[in-house]
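Subject: Structure handover

Hello,

Here is the structure I said I would pass on. Please look through it before reading my notes underneath.

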Amino acid sequence: MDARLRRFVGVSAALTGILMVLGVYTAATGAGLTCAGRWPFCDGFLGLFPANWSSFVEWFHRLVAMITGFVVLGTTISAWRQGVDRRVRLALAGATILLPSQIILGALTVTTYEWAILLAHFGTASIIFTGVALAFAWAYEPSAGPGTFDRIRRPLAVASVLLPVMLILVPHAFVTFGPPVQATYYFSGLTAYAALLATAVWTDPTDGFASVEPSRLIRWLSAVAALVVISLLVVGRLVYGGTLQYISIAGTLAALALVGTMWYVARTDGEAGDGRVVFGSD
């Protein structure tokens, strides 16, 4: 894969994550309702430009959605034309196939503001993000030279930093879950999710450990932790207190425990594999 296409894969993943966070903020502020009666137009000049801050938020969300859709589509077409890694092509194709349904759901969130539709909209976005995030991980997969722990150290560190942020910002638990807090929660969660996917993808079953079992365990743990995190983000659209709130706290703690276990396994078996301390090495 050439450097230009690799950059476009990265931009596709970043834009998709930003769009999701922006969508959460838009829903939290109720900005989509400002244009509900005139979709696909809005309430400003000729129905094409925002008339106030709320309609600007909705308008800007639509603008970013349009740009993101074209970037993902263009990246997918380029990937297939260049015949890059089959995994990258399939991940991008899966994300692209879902774009039309996501556009329809996006329209319904404006014209028919119901939680079932909002949940379906975010769930579909999560699948699209999974596709582009996996494409990103495979496109930027480190070379076979470094040991497994050297490759996964950075994404593990990202997850280790952002999961505590998610815990602090659990919906309606410890802080007021206003629009900026919601945006921060989902930005942290989606970034941690992408980091855990990268950890699973970049783990080499045969490199840097005394046996293949530790790396298989790390790959399995990172996949489970990623599933927990994305499930928390989807469920988070429905959390207002009670049982779901406790589930969110417990799930975040479970993800943290899984990441801690991965650090421990990587450190212990990495030392056994090459006879030196690799935890935190450069």
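The notes below cover a helix pair, the salt bridges and two single residues.

Please keep in mind that this is a predicted model.

Helix 4 and helix 5

Helix 4 covers residues 99-111 and helix 5 covers residues 115-139. Their axes come within 9 Å and cross at roughly 150°. Because angles over 145 degrees count as roughly antiparallel, helix 4 is roughly antiparallel to helix 5. The crossing of the two helices is left-handed.

On the helix 4 side, the contact is made by L99, S101, Q102, L105, G106, L108 and T109. Helix 5 contributes I117, L118, A120, H121, T124, A125 and I128. By type, the residues of this contact are 8 nonpolar and 6 polar, with no charged ones.

One residue from that list can be followed further. Q102, which is in helix 4, has a relative accessibility of 12% and so counts as buried. Setting aside neighbours within four places in sequence, Q102 is in contact with H121, T124, A125 and I128. These four also appear among the helix 5 residues of the helix contact.

Salt bridges

How many salt bridges does a search of the whole structure find? The search gives 3.

One of them joins E58 and R62, with the closest N and O atoms 2.8 Å apart. Both residues sit in helix 2 (residues 53-82), and because they are 4 residues apart there, about one helical turn separates them. E58 counts as buried, since its relative accessibility is 4%.

Another salt bridge is formed by D85 and R87, and here too the closest N and O atoms are 2.8 Å apart. D85 has a relative accessibility of 32% and therefore counts as partly exposed. R87 is also in the partly exposed class, because its value is 36%.

R87 also meets the side chain of E141 in a salt bridge, at 3.4 Å from N to O. Where in the chain do E141 and R87 lie? E141 is in the loop between helix 5 and helix 6 (148-168), while R87 is in helix 3 (residues 86-97). The pair is 54 residues apart and links distant parts of the chain. With a relative accessible area of 32%, E141 is partly exposed.

Taken together, D85, R87 and E141 are linked in a network of salt bridges.

R89 in helix 3

Is R89 buried or exposed? This residue of helix 3 has a relative accessible area of 18%, so R89 is buried, the cut-off for buried being under 20%.

Not counting residues up to four places away in sequence, R89 touches A79, W80, G83 and V84. R89 and I77 are 12 residues apart in sequence, and their C-alpha atoms are 8.8 Å apart in space.

Where to look when you open the model

- For the helix pair, start at Q102 in helix 4 and its contacts H121, T124, A125 and I128.
- For the salt-bridge network, start at R87, which pairs with D85 and with E141.
- For the salt bridge within helix 2, look at E58 and R62.
- For R89, look at the residues it touches, including W80 and V84.

Regards

Notes
Residues are numbered from 1 along each chain as its sequence is written. This is a predicted model: local features need pLDDT of at least 70, side-chain atom pairs count only at pLDDT 80 or more; totals for chains, interfaces and linings use all residues. Side-chain values use heavy atoms; hydrogens and water are left out. Axes are lines fitted to C-alpha atoms, for helices over the stretch in contact, and angles run from 0 to 180 degrees between N-to-C directions. Angles under 35 degrees count as roughly parallel, over 145 as roughly antiparallel, 65 to 115 as roughly perpendicular and the rest as oblique. A crossing is left-handed if the near helix is turned anticlockwise from the far one by less than a right angle, and right-handed if clockwise. Contact means heavy atoms within 4.5 Å. Ala, Val, Leu, Ile, Met, Phe, Trp, Tyr, Cys and Pro count as nonpolar, Asp, Glu, Lys and Arg as charged, and the others, Gly among them, as polar. A salt bridge is a side-chain nitrogen of Lys or Arg within 4 Å of a carboxyl oxygen of Asp or Glu. Buried means under 20% relative accessible area, exposed over 50%, partly exposed in between (1.4 Å probe, protein chains only).
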